[in-house]
Amino acid sequence: MLDYITVIGGGLAGSEAALQIAKRGIKVKLYEMKPVKFSEAHSNKNLAEIVCSNSFKSNLLTNACGLLKEELRILGSELIKIADKTKVPARASISG
C-alpha cells in the first residue's frame, strides 16, 4: 500500500484536494503540468489559478454558486477562505 495519495492537476479542485488531504496528516504527491506546459487559459505559473475573472460569482444563497460556496465554507475549504480574505467589491460577485 502507498504511503501517500496522488492528486493530478493543480487547479482549484486539485489544490483543494491536496490541501485537505495534507491537513489530515496524509502525504500528498501533486502533479501539475505548469510551469513546463500551459494551456491557452493559463497566464501564470501558480497553482489554483483562476482562469476566468468571474469564476467565483456571487455569494448570494439564492443561486447555486452561492450555495456551493457556503457548503465549501462549512466543510472548511482552504481556497474559499483565501478567496474570502482577498475579495474585491463587484456588484453580485463573491463580495455580494
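User: Which side chains meet Arg-73 and Asp-84 in a salt bridge, and how should such a feature be read?

Analyst: The side chains of Arg-73 and Asp-84 meet each other in a salt bridge, at 2.7 Å from N to O. Side chains of opposite charge can pair when their charged atoms come close. The term requires a side-chain nitrogen of Lys or Arg within 4 Å of a carboxyl oxygen of Asp or Glu. This is a predicted model, in which local features need pLDDT of at least 70, side-chain atom pairs count only at pLDDT 80 or more, and totals for chains, interfaces and linings use all residues. Residues are numbered from 1 along each chain as its sequence is written, and side-chain values use heavy atoms, with hydrogens and water left out.

User: Where do Arg-73 and Asp-84 lie?

Analyst: Arg-73 belongs to helix H2 and Asp-84 to helix H3 (residues 78–85), so the pair ties together parts that are eleven residues apart in sequence. Helices here are DSSP runs of H or I with at least four residues, numbered from the N terminus.

User: How many salt bridges are found in the whole structure?

Analyst: The search finds four. One of them joins the side chains of Glu-70 and Arg-73 (3.4 Å, N to O). Glu-70 and Arg-73 are three residues apart in helix H2 (residues 64–74), and therefore about one helical turn separates them.

User: Which residues are linked in a network of salt bridges?

Analyst: Lys-23, Glu-78 and Lys-81 form that network. Within it, the side chains of Glu-78 and Lys-81 meet at 3.4 Å, N to O.

Methods:
Helix = DSSP H or I, 4+ residues; strand = E, 2+ residues; numbered from the N terminus.
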